[in-house]
Amino acid sequence: MQKKIYKAHILYTKEPGRFEVIENGYVAVGADGRVTGVSADLASLDSEDAEVTDFGDRLLIPAMNDLHVHAPQYRNQGIAMDLELLPWLQQYTFPEEMKFADTGYAERMYRRFVRDLWRFGTMRACVFATIHTESTRLLMRLFQEAGMGALVGKVAMNRNCPPGLMESVDEMVKGYEEVIKESSSLPLSPSTLQPLVRPIVTPRFVPSCTPEMLRACGELAAKFQLPVQSHLSENKDEIAWVQELEPESTSYGDAYDRYGLFGQTPTVMAHCVWTEGEELELMKRRGVVVAHCPTSNFNVASGMAPIRQFLDEGLRVGLGSDISGGHDLSIFRMMVYAIQVSKMHYQQNHERSFLTLSEAFWLATKSAGSFFGRVGSFEPGYEFDALVIDDADLNHDNYSLLQRLERYIYLGDDRQIEHRFCRGKAIECII
Ligand code: GUN
Ligand code: FE
């Protein structure tokens, strides 16, 4: 890749408490796709041989990261909002996921899903697929074709679900080995020696996995040094069920920890609506990351995750759309929901302040991005994942740059995203 310099109004968050704002600034990107410098002064950057692109009055911001989303639930987006988690899974979610035994159906749905992530400016995602190995490999290839980063999870399940969504432990392990092969056949990036698309060990949640299945998942993560994703403490009935299924566990988190699925390798847990006490302490000790999915928590009537408390306690947190528990694929809109949830907490208890815009932006960019490597900021060394926003239609009066970004986050959508970059490469929608 050639060295590049991009000129625009640059906004990003190095730290949660404030935005970095550079009016008419420059970001320099090296041949390896990493940022080499960011400045208001072109002369201070290594611009020799670099191609300069001027985006004029547009905003240049880090791209979005979705820390929790179910690709095979895309058809169910925006429907089936009348049940809580456990019956919702049985009635709506499992029947849809069973269809992914058919790779033709999977291709139709997964193409649409990847294209729409691209549309909304999400360049990296932690994705649940289904138990089906072939469809999971297909999803990995689609991300790779698009040039977008993803951790893709073949879902492990062998109890409390329809027979069409169960696999034996041996079949699961064999399937994972194929998925790992798929990933190691992908080209490595010269900058990180990591492919953009990688597998992630994905036990659906404790009620879907026998102890043998959980143990096999932990062994796979350890053997292949793979990250782990699952669901944690989303719903009160779920938590009570986990206690029945794993009576020796001292918390839901402990039920994963016993099998090596709680921070032994990089781990992200979705929801954590009811996480407290020992479970919270264990997450802190193990460095387990929270994927906060506010729209899902409302739709499935799960509750409101205490994100301000998690941040005060030093937990790592990112945002997730959780389609189709969540109805909205836009991570910008997820920032708005996260702020609104924190304001509802604040109404109940003024001891903790609500999230600010810079904190929500940081959660979606630098904080969530850290799960994928050095992603989510424009500091030197970060992979250049970026969006160019043409907000002319929203910028109809003398708004400051920060107000323009705020209006885009609250009011904008895919129509204002003019260019997208992942790991330094412009990503055109080819899907
Ligand atoms: N817990 C186990 N599976 C799921 C799922 O598909 N969606 C949500 N929101 N929670 C889950
Ligand atoms: Fe989920």
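Biologist: Which atom of ligand 1 is 2.7 Å from an N or O atom in the side chain of Glu234?

Modeller: In this predicted model, a nitrogen atom of ligand 1 lies at that distance from the Glu234 side chain.

Biologist: What about Asp322 and ligand 1?

Modeller: An N or O atom in the side chain of Asp322 is 2.8 Å from a nitrogen atom of ligand 1. In addition, a polar side-chain atom of Arg204 is found 2.7 Å from an oxygen atom of ligand 1.

Biologist: How much of ligand 1 does the protein bury?

Modeller: The protein buries 100% of the 280 Å² that ligand 1 exposes when taken alone.

Biologist: Which residues surround ligand 1?

Modeller: The surrounding residues are His70, Gln73, Leu85, Trp88, Leu89, Arg204, Phe205, His231, Glu234, His271, Ser296 and Asp322.

Biologist: Moving to the metal, which residues coordinate the iron ion (ligand 2)?

Modeller: His68, His70 and His231 each coordinate the iron ion (ligand 2) through NE2, and Asp322 does so through OD, at 2.1 to 2.4 Å. Among these donor residues, His70, His231 and Asp322 also belong to the surroundings of ligand 1.

Biologist: Why is the arrangement around the iron ion (ligand 2) irregular?

Modeller: The 4 donor atoms subtend angles of 89 to 176° at the iron ion (ligand 2), which makes the arrangement irregular. A tetrahedral assignment for four donors would need all angles to lie between 85 and 135 degrees.

Biologist: How are the donor residues spaced in sequence?

Modeller: Their spacing is H-x1-H-x160-H-x90-D. His68 belongs to strand β5 (residues 64-70) and His231 to strand β11 (residues 228-232), so this pair ties together parts that are 163 residues apart in sequence.

Biologist: Are His68 and His231 buried or exposed?

Modeller: Both are buried. As for the strand that holds His68, 7 of the 7 residues of β5 are buried.

Biologist: Which strand pairs with β5, and in what sense?

Modeller: Strand β6 (residues 122-128) pairs with β5 in the parallel sense, over 5 bridges. Within β6, Arg124 stands opposite Asn65.

Biologist: Now the open sheet. What is the strand order?

Modeller: The sheet has 7 strands with mixed pairing, in the order β3-β2-β1-β4-β15-β16-β17. At its edges stand β3 and β17 (425-426), each with a single partner strand, so one side of each has no neighbour in the sheet.

Biologist: How do β2 and β3 run?

Modeller: Strand β2 (residues 18-29) and strand β3 (residues 35-39) run antiparallel and are joined by 4 bridges. Tyr26 stands opposite Ser39 in β3. The hairpin of β2 and β3 has 5 residues between the strands, and Gly33 takes a positive phi near 85° there.

Biologist: And how many bridges link β4 and β15?

Modeller: Strand β4 (residues 51-62) and strand β15 (residues 386-389) pair over 4 bridges in the antiparallel sense. Leu59 has Ile389 in β15 as its bridge partner.

Biologist: A last topic, the loops. Where is Asn235?

Modeller: Asn235 is in the loop between β11 and α6 (236-245). Its relative accessible area is 2%, so Asn235 counts as buried. The side chains of Asn235 and Glu84 are joined by a polar contact of 3.2 Å.

Biologist: Is Cys161 buried or exposed?

Modeller: Cys161 is buried, with a relative accessible area of 8%. This residue lies in the loop between β8 (155-156) and α4 (169-184). The C-alpha atoms of Cys161 and Gln90 are separated by 7.2 Å, although the two residues are 71 residues apart along the chain.

Conventions: Residues numbered from 1 in each chain as written. Chains lettered and ligands numbered in written order. Predicted model: local features only at pLDDT ≥ 70, side-chain atom pairs only at ≥ 80, totals over all residues. Heavy atoms only, no water. Donors = N, O, S within 2.8 Å, 3.2 Å for Na, K, Ca; no water. Tetrahedral: all angles 85-135°; square planar, octahedral: opposite > 155°, others 65-115°. Helix = DSSP H or I, 4+ residues; strand = E, 2+ residues; numbered from the N terminus. Buried < 20%, exposed > 50% of the residue type's maximum accessible area, 1.4 Å probe, protein only. Pairing = 2+ DSSP bridges. Near = heavy atom within 4 Å. Polar contact = N/O pair within 3.5 Å; in protein donor to acceptor, adjacent residues only side chain to side chain. Areas by Shrake-Rupley, 256 points an atom, 1.4 Å probe, with all protein chains shown as cover.
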